[in-house]
Amino acid sequence: MLHLHSLLRWVILFLLLVTIFFALTKNKSIRSSSLWLLISAHTMLVIGLYQVIAGRYGIIKGLPEGVELMKNKFYRFFWVEHPLMMIVAIVLITMARGKAKALNYKATGWLLFIALVIILAAVPWPFREVGSGRTWFPGM
Ligand code: HEM
């Protein structure tokens with residue numbers, strides 16, 4: 001599950017860039033790329049929800065002894081910041097799909113650009129403190 005979650009990040013980033021490119025160049029292929037983006041983003045939401053609830057650091061496992069949620073950088077990130085920011089990005093991607101279907105290139109481009117910035121800021125990249133020990137590609 002974590003490997004799939006990690007791999008899908010690249011699929012989503014690729015589809016975001018492609019769809020933004022189609023918005024800039026007013027290409028009708030935006031209809032299909034935005035649909036694939038929507039499917040990937042919603043799959044990510046389901047896997048993410050599973051992880052935050054039942055994953056190795058899931059809510060049902062509880063907080064380790066002595067850890068306070070909002071005072072602990074790691075748990076605050078994975079239980080609050082990462083899920084919230086990603087859900088906002090997925091909502092924007094969903095709104096963008098509606099605009100793309102209507103071939104509203106400008107609105108699609110802006111919504112996806114904001115989603116891209118949020119996702120880039122909320123991924124636990126290996127160079128970030130919260131991402132330490134994590135990899136760029138699943139299994140690597
Ligand atoms: C576009 C959306 C998302 C992207 C790009 C994304 C990306 C990532 C990445 C790259 C990791 C680290 C994977 C690794 O260690 O190799 C991760 C971990 C995690 N994500 Fe997401 N995520 C997204 C959405 C979500 C959502 C919506 C949730 C929860 C509702 C979520 C919950 C988690 C959790 C709990 C972890 C830590 C899992 C663990 O280490 O056991 N993610 N995410």
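**Exercise 1. Decide whether Leu 103 is buried, partly exposed or exposed in this predicted model, and describe its surroundings.**

Solution. Begin with the relative accessibility, which for Leu 103 is 22%. Buried means under 20% and exposed means over 50%, so Leu 103 counts as partly exposed. Next, place the residue along the chain: Leu 103 lies in the loop between helix 3 and helix 4. Then look for partners in contact, leaving aside the neighbours of Leu 103 within four places in sequence; these partners are Lys 28, Ile 30 and Arg 31. A C-alpha distance to the same region can be added, since Leu 103 and Ser 32 are 71 residues apart along the chain and their C-alpha atoms are separated by 11 Å.

**Exercise 2. Examine the backbone of Leu 103 and of Lys 26, and state what the sign of phi is in each.**

Solution. As background, most residues other than glycine have a negative phi. Leu 103, which is not a glycine, has a positive phi of about 55°. Lys 26 also has a positive value, with phi near 50°, and is likewise a residue other than glycine. As for location, Lys 26 sits in the loop between helix 1 and helix 2. Its accessibility completes the description: at 58%, Lys 26 counts as exposed.

**Exercise 3. Determine how helix 2 and helix 3 are arranged relative to each other, and which classes of residue form their contact.**

Solution. First take the geometry of the axes: helix 2 (residues 30-54) and helix 3 (residues 73-101) come within 9 Å and cross at roughly 155°. Angles over 145 degrees count as roughly antiparallel, and helix 2 and helix 3 are therefore roughly antiparallel to each other. The handedness is a separate matter, and here helix 2 passes helix 3 in a left-handed crossing. Now turn to the residues that meet: the helix 2 side includes Ile 30, Leu 37, His 42 and Val 52, while the helix 3 side includes Trp 79, Ile 87, Ile 93 and Arg 97. Sorted by class, this contact has 14 nonpolar, three polar and three charged residues.

**Exercise 4. Carry out the analysis of Exercise 3 for helix 3 and helix 4.**

Solution. The axes of helix 3 and helix 4 come within 8 Å and cross at roughly 165°. That angle makes helix 3 roughly antiparallel to helix 4, and the crossing is left-handed. Among the residues that meet are Phe 77, Met 85, Leu 92 and Ile 93 from helix 3, and Leu 111, Leu 112, Ile 118 and Ile 119 from helix 4. By class, the residues of this contact divide into 19 nonpolar, two polar and one charged.

**Exercise 5. Identify the residues with the most contacts inside the largest nonpolar core, and find which helix gives the most to it.**

Solution. The largest nonpolar core has 25 residues, and those with the most contacts inside it are Ile 12, Leu 16, Leu 37, Ile 93, Leu 112 and Ile 119. To trace their origin, note that helix 1 (2-24), helix 2, helix 3 and helix 4 (105-122) each supply at least two residues of this core. Helix 4 gives the most, with seven residues. Leu 37 serves as a worked case: not counting residues up to four places away in sequence, Leu 37 touches Ile 12, Leu 15, Leu 16, Thr 19, Ile 93 and Leu 112. Apart from the largest core lies another core, of six residues, among them Val 52, Tyr 75, Phe 77 and Val 130.

**Exercise 6. For His 5 and Gly 58, establish whether each is buried or exposed, and list the contacts of each.**

Solution. Start with His 5, which is found in helix 1 and counts as buried at 14% relative accessibility. Leaving aside neighbours within four places in sequence, His 5 is in contact with Met 44, Ile 47, Gly 48, Gln 51 and His 82. Continue with Gly 58, which lies in the loop between helix 2 and helix 3 and is buried, with a relative accessible area of 0%. With its neighbours within four places in sequence again left aside, Gly 58 is in contact with Gln 51, Val 52, Ile 53 and Trp 79. For the last of these partners a distance can be given, because Gly 58 and Trp 79, 21 residues apart in sequence, are 8.1 Å apart from C-alpha to C-alpha.

Notes:
Residues are numbered from 1 along each chain as its sequence is written. This is a predicted model: local features need pLDDT of at least 70, side-chain atom pairs count only at pLDDT 80 or more; totals for chains, interfaces and linings use all residues. Side-chain values use heavy atoms; hydrogens and water are left out. Axes are lines fitted to C-alpha atoms, for helices over the stretch in contact, and angles run from 0 to 180 degrees between N-to-C directions. Helices (H or I, at least four residues) and strands (E, at least two) are DSSP runs, numbered from the N terminus. Angles under 35 degrees count as roughly parallel, over 145 as roughly antiparallel, 65 to 115 as roughly perpendicular and the rest as oblique. A crossing is left-handed if the near helix is turned anticlockwise from the far one by less than a right angle, and right-handed if clockwise. Contact means heavy atoms within 4.5 Å. Ala, Val, Leu, Ile, Met, Phe, Trp, Tyr, Cys and Pro count as nonpolar, Asp, Glu, Lys and Arg as charged, and the others, Gly among them, as polar. A nonpolar core is a set of buried Ala, Val, Leu, Ile, Met, Phe, Trp, Tyr and Cys residues joined through side-chain atoms within 4.5 Å. Buried means under 20% relative accessible area, exposed over 50%, partly exposed in between (1.4 Å probe, protein chains only).
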